[in-house]
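Hi everyone, thanks for coming. Please pull up the structure on your screens, and we'll walk through it together.

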Amino acid sequence: MGDNLAQKLIRSHLIEGEITTGSEIGIRIDQTLTQDATGTLVMLELEAMGLDRVKTEVSVQYVDHNLIQEDYKNADDHIFLHSACQRYGLWYSRAGNGVSHPVHQERFGKPGKTLLGSDSHTPAAGAIGMLAIGAGGLEVAFAMAGKPFYFKMPQIWGVRLVGELPDWVSAKDVILEMLRRHGVAGGVNRIIEYHGPGLRCLSAMDRHVIANMGAELGATTTVFPSDDEARRFLKSQGREHDWVELTADADARYDIDEEIDLSTLEPLIAKPSSPGNVVPVREVAGAKIYQAYIGSSANPGYRDFAVPAEIVKGKQIHEDVSFDVNPTSRQILENLVKDGHLLSLIHAGARIHQAGCGGCIGMGQAPATGRISLRTVPRNFPGRSGTQEDQVYLVSPETAAASALTGVITDPRTLGMDYPRVRDPEHPLVNTEMLVAPLPPEIARSIDLIKGPNIQGLPLFELLSDEFTLPILLKLKDNISTDEILPAGTRVLPFRSNIAKISEFSFERIDPTYPKRAREIRDTKGHVILAGNNYGQGSSREHAALAPYFLGLRIVIAKSFARIHWQNLIDFGVLPLTLKRPVDYDELQQGDILSLKNLRKAVTEGRELMVLNTTRNYSIPVEHALSKRQVEMLLEGGLINWLKRRISNK
């Protein structure tokens, strides 16, 4: 029996472990990607590690999230990031150059390589045959130091595509169909591998859309073959020499098999406030909208802007609609200008914003209170848009443009016009001017990090205590996202390099009293958080683990965890435990006092632990899923302490 593509990619980079589902493996990382909302902390972590220069083939720091400069903080951090790139040997993508994921695919992506990124949508690079995984910044810093990336070997989920997409249906509808079928936890501990004859109708950037939003399924990553389409894309970027053919063996097998007949799909929409809340557009058609927003790494390609431009060409946007267009790279923006599509958008009434993440991460373009916003972004978690009580729907560019014209949610098939058939330019303008290359090592060592007043050092990390008596400070429901743990947006993310300050926003959308209550007991006992299923879904931002740790979080007990957040908790010395009996979640209450004894021995010698609820006088069985390596890290107080000790011993 032959290998599927995911197995080939892992096998070619395997350093530790065996390719057995559920066992921990370590792989070599060729490339890393950081963005400014997570990168500042990564650079501080490199400094804390004492790293001289990154050890990867390529590492790139993008500035794409924190582009709004209300005061000095974001501007100072951009200067800091530039100085860190000069010091440690990274490429630097300047503010306004575009969103990390499409720019990386344009300029640095290589089939067959591994990519680790401090952004949960890093798997988008799987569109051209890379093994690309999102992780917390500390894991990325570790990889930049030349160390393996560890994770549990996932199941391989083969999705065979057949047929061809009908008019008015596009790649966004393919991934929304996956979410409709499986929900936001359907891909947990799985790699999704797309194959089959239906791939012929999907361009490299169409595949990027699907691979990007595999993160919303909770998947470890998504992979597509590196075929003639990947070759065409790289050739258009002047990089055909980087192409290699990579496909699954003809007799490859998958742990899970599924098929999607593309010809049967129709325009889909994810209703508030979850990417998994998917229905056909026709079921909600007619609802009045305030905003239609096109852009983000989830619809970043040329056609994702050119098709809407053709839809609105010669027409006017409805007077009640804000039609926001957020180009995803400066290169795409230049090509839209060259081909006249930008003129069509502007003349129709579109508001053009700078190339970057923008409204996707709550950086501007927040919708009006109580009004519907249609967006081509990957997520619609509550409040992520920047408006507390938002009503964000996820749609394709076709649905967004059609609805912008009519003022109501509109199935684009009802517009009464021929479907615009737009192809990527065969010879696009290529822009590399805003990428700053790494300095030679002999010059880099003389560079000092430039730190503004908002950049603070990391907190000290304590060894895991042998005994805890802690209150449950919060009891949370299922599918709590990292946006709910620590919000994004213009108010919060400028403090990403100031943990003391950013911690003040922890859980504010769920319980604004949490930071104050946590601080009051932080220095004497700390606390526990109790959660339901899929705790920590969404963004890879490690601040969602680090900020509560700073406030005294020492243990999280949940029904289940999202992969990246689970690892982030361990990295910063927080013990993640899983309930063995779901009924105990219902019995445990906020305010209950929990006691754990002989903890260091218990986590070292076995999986199961007993937690005594001293308030109600009964014991609860829980378990951990830590590997031997992770147990060692946790005992040391997290990854930074663990690495420092190993370096010191050497």
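I'll talk about a sheet and its helices, and then about some aromatic rings.

Keep in mind that this is a predicted model.

Let's start with the sheet. It is an open one made of six strands, in the order 7-6-3-4-5-20, with mixed pairing. Which strands sit at the edges? They are strand 7, residues 131-134, and strand 20, residues 435-436, and each of them pairs on one side only. Now look at strand 6, residues 114-117: four bridges join it to strand 7, and the two run parallel. If you'd like one pair to click on, leucine 116 has isoleucine 133 in strand 7 as its bridge partner.

Helix 5, residues 137-144, packs on this sheet and touches strand 3, strand 4 and strand 6. Its direction makes about 140 degrees with that of strand 3. Helix 4, residues 100-107, lies across strand 3, strand 4, strand 6 and strand 20, and runs at about 150 degrees to strand 3.

On to the rings. How many aromatic pairs does the structure hold? There are 10. In one of them, phenylalanine 507 and tyrosine 514 have ring centres 5.0 Å apart and planes at 75 degrees, so we call the pair edge-to-face. Phenylalanine 507 is buried, at 0% relative accessible area, and tyrosine 514 counts as buried at 0% too. Elsewhere, Phe461, Tyr549 and Phe572 form one aromatic cluster.

Finally, some charges over rings. Lysine 501 lies over the face of phenylalanine 495, 5.5 Å from the ring centre. Arginine 522 lies over the face of phenylalanine 550, at 5.0 Å from the ring centre.

Thanks for listening!

Terms used: Residues numbered from 1 in each chain as written. Predicted model: local features only at pLDDT ≥ 70, side-chain atom pairs only at ≥ 80, totals over all residues. Heavy atoms only, no water. Pairing = 2+ DSSP bridges. Contact = heavy atoms within 4.5 Å. Axes fitted to C-alpha atoms, helices over the stretch in contact; angles between N-to-C directions. Phe/Tyr/Trp six-rings, centres within 6.5 Å; stacked < 30°, edge-to-face > 60°. Buried < 20%, exposed > 50% of the residue type's maximum accessible area, 1.4 Å probe, protein only. Lys NZ or Arg CZ within 6 Å of the ring centre and 35° of its normal.
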